Amino acid sequence: MGDVNGDLITFERVTCSYENQQVLKEVSFRVAPRETKVIIGASGSGKTTVLRLILGLLKPDEGRIMIDGQEISGMTEEELIGLRRKIGMVFQEGALFDSMTVGENVGYRLFEEGQLSEAEIEDRVRHLLGFVGLEEAIDMMPDELSGGMKRRVAIMRALGAVDAKMMLYDEPTTGLDPMTARTICDLIRKLRDAQGVSSVMVTHQMADAFRVGDRFLAIHEGRVAFEGTADELRQCRDEHVRGFLV
Ligand SMILES: Nc1ncnc2c1ncn2[C@@H]1O[C@H](COP(=O)(O)OP(=O)(O)O)[C@@H](O)[C@H]1O
Ligand SMILES: [Mg+2]
């Protein structure tokens, strides 16, 4: 995976609006293979919008977005569906389907695609759940799980649906206690190390950001206020970014 520069995701001066409100202004950044990029910023600063653009659910007004070497602005809906197969998305709140078992949740898109037999899907689902220590929960219903277990299942559902080389996490630890949040962060790191998955994680929890991130992007009112490593972030003098760190 990767474009000519080897990057998995490239945003070049991307501007994006909803109706007539401009929410992203000339946003540029890159994500390299195996890198975990953490996007931080206040509520409403445009973080989720960045993820929607990566998935092609929204189109930029201006600028270019390259995913895995392909510019996505000009893609047909069919091409976008193909692209989304390579990307696992964990939505804010990590919702599960309440009426399906844990196993059905994790295997959901595999069932839908219909390319594997039921036995093959079950194998895959067991393997994924085993990876997060939840194989025993395969026949349980979501409402029997704790918040942290639900979040792990949601991550495995996103990963299991695709041959994910890329995962997007929208505030995966919000609403979890610090210990549970830490286990989710460790899982995100484990996926990177064990499977070479590249990730973009949106969060406003700095402890989690530092636990997971290789590089950081701070967005303030739709503009990039900072991009760099953890050390650079700690030394950043931008007042909006500093306000975020304390
Ligand atoms: N579907 C939408 N229609 C109109 N405005 C939206 C929509 N989604 C988000 N916005 C607005 O765009 C801005 C950025 O939103 P978002 O990307 O969700 O921010 P964040 O994830 O950083 O909280 C906010 O002001 C929000 O109210
Ligand atoms: Mg958001």
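How far does a backbone N or O atom of Gly46 lie from an oxygen atom of ligand 1? In this predicted model, the distance is 3.0 Å. Gly46 has company here: a backbone N or O atom of Ser45 sits 3.3 Å from an oxygen atom of ligand 1. Thr49 joins in with its side chain, placing a polar atom 2.5 Å from an oxygen of the ligand. Taken alone, ligand 1 would expose 560 Å², and the protein buries 65% of that.

Now let's look around the ligand. The residues surrounding it include Tyr18, Gln21, Val23, Lys47, Thr48 and Arg52. Sort the whole shell by character and you get three nonpolar, seven polar and two charged residues. Two elements each give two or more residues to this shell: strand S2 (21-31) and helix H1 (47-54). H1 gives the most, with four residues.

Next, let's turn to the nonpolar cores. In soluble globular proteins, nonpolar side chains tend to be buried together. In this model, the largest nonpolar core has 45 residues. Inside that core, Ile155, Met156 and Met167 have the most contacts. Take Met156 as an example: leaving aside residues up to four places away in sequence, Met156 touches Val106, Leu128, Phe131, Val132, Leu187 and Leu191. Another core lies apart from the largest one and has 31 residues, including Leu24, Val50, Ile87 and Ile219.

Conventions. Residues are numbered from 1 along each chain as its sequence is written. Chains are lettered from A and ligands numbered from 1 in the order in which they are written. This is a predicted model: local features need pLDDT of at least 70, side-chain atom pairs count only at pLDDT 80 or more; totals for chains, interfaces and linings use all residues. Side-chain values use heavy atoms; hydrogens and water are left out. A residue is near a molecule or strand if one of its heavy atoms lies within 4 Å of it. A polar contact is a pair of N or O atoms within 3.5 Å; within protein, one must be able to donate a hydrogen and the other to accept it, and residues adjacent in sequence count only if both atoms are side-chain atoms. Accessible areas come from the Shrake-Rupley method with a 1.4 Å probe; for residues, only the protein chains shown count as cover. Ala, Val, Leu, Ile, Met, Phe, Trp, Tyr, Cys and Pro count as nonpolar, Asp, Glu, Lys and Arg as charged, and the others, Gly among them, as polar. A nonpolar core is a set of buried Ala, Val, Leu, Ile, Met, Phe, Trp, Tyr and Cys residues joined through side-chain atoms within 4.5 Å. Buried means under 20% relative accessible area, exposed over 50%, partly exposed in between (1.4 Å probe, protein chains only). Contact means heavy atoms within 4.5 Å.
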